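User: Could you take a close look at one part of this protein for me? I would love a friendly walk through it.

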Amino acid sequence: MNPAKRENDEAARAADSRLVHDFGLLIKAATRLEHRIDTALRKECQVSHTMFEVLIRLCRHPDEEISQRRLADDLTLTSSGITRLIDRMEGAGLVRRGPAPGDRRSVLVETTDHGRAVFLRAAAVHAQVVERYFVAPVTAADYGRLTRSLGEIEKALNDS
């Protein structure tokens with residue numbers, strides 16, 4: 001067998017491997033779910049899914065001011081990416097920025113009353129989409145196994 005043919009056959013087998021296939025299913029499902037959530041949030045609440053994720057973090061601990069840097073780290077965004085996102089959110093009246101006491105380099109972000117109201121509407125929309133496309137398609141037992149497994153994967157990724 002000529003070397004090019006052998007390499008093509010090996011590449012085809014690698015591309016068809018179970019690991020590639022299974023991980024592809026996970027990525028495809030997550031990407032499509034993300035798109036459904038983003039589309040619904042934009043249509044119903046005029047916020048992106050990423051903006052919603054910022055609001056989750058801010059609303060989860062309402063008495064705690066959170067730095068832009070921490071938000072960037074949580075959302076795996078660059079400093080310029082989080083700055084642009086918070087600029088848009090501030091322009092929409094969802095959040096406000098303030099200086100961090102004792103640290104001139106740090107900027108704190110908090111929700112506004114309008115931001116909290118938008119978050120509550122968005123949380124309901126998010127829940128509907130997640131219920132329809134993430135929870136409902138599987139049995140309760142499978143859903144429990146799925147979420148436990150995802151938790152174990154997350155733990156393994158954090159431990160390494």
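User: Is T76 buried or exposed, and what is its relative accessible area?

Analyst: Happy to help! This is a predicted model, in which local features need pLDDT of at least 70, side-chain atom pairs count only at pLDDT 80 or more, and totals for chains, interfaces and linings use all residues. Residues are numbered from 1 along each chain as its sequence is written, and side-chain values use heavy atoms, leaving out hydrogens and water.

Now to your residue: T76 is exposed, with a relative accessible area of 69% (buried is under 20%, exposed over 50%, and partly exposed in between, using a 1.4 Å probe and protein chains only). T76 sits in the loop between α4 (68-75) and α5 (79-91); helices here are DSSP runs of H or I with at least four residues, numbered from the N terminus. The backbone deserves a look too: T76 is not a glycine, yet its phi is positive, at about 50 degrees. For background, most residues other than glycine have a negative phi.

Q46 makes a useful companion. Q46 also has a positive phi, of about 60 degrees, without being a glycine. Its setting is the loop between α2 (18-45) and α3 (49-60), and Q46 counts as exposed at 58% relative accessibility.

As for confidence, the protein chain has a mean pLDDT of 93, with 99% of its residues at 70 or more; pLDDT is the predictor's confidence in each residue, from 0 to 100. Helix α1 (residues 3-15) has the lowest confidence, at a mean of 82, while helix α6 (residues 113-135) has the highest, at 97.

Definitions and conventions. Helices (H or I, at least four residues) and strands (E, at least two) are DSSP runs, numbered from the N terminus.
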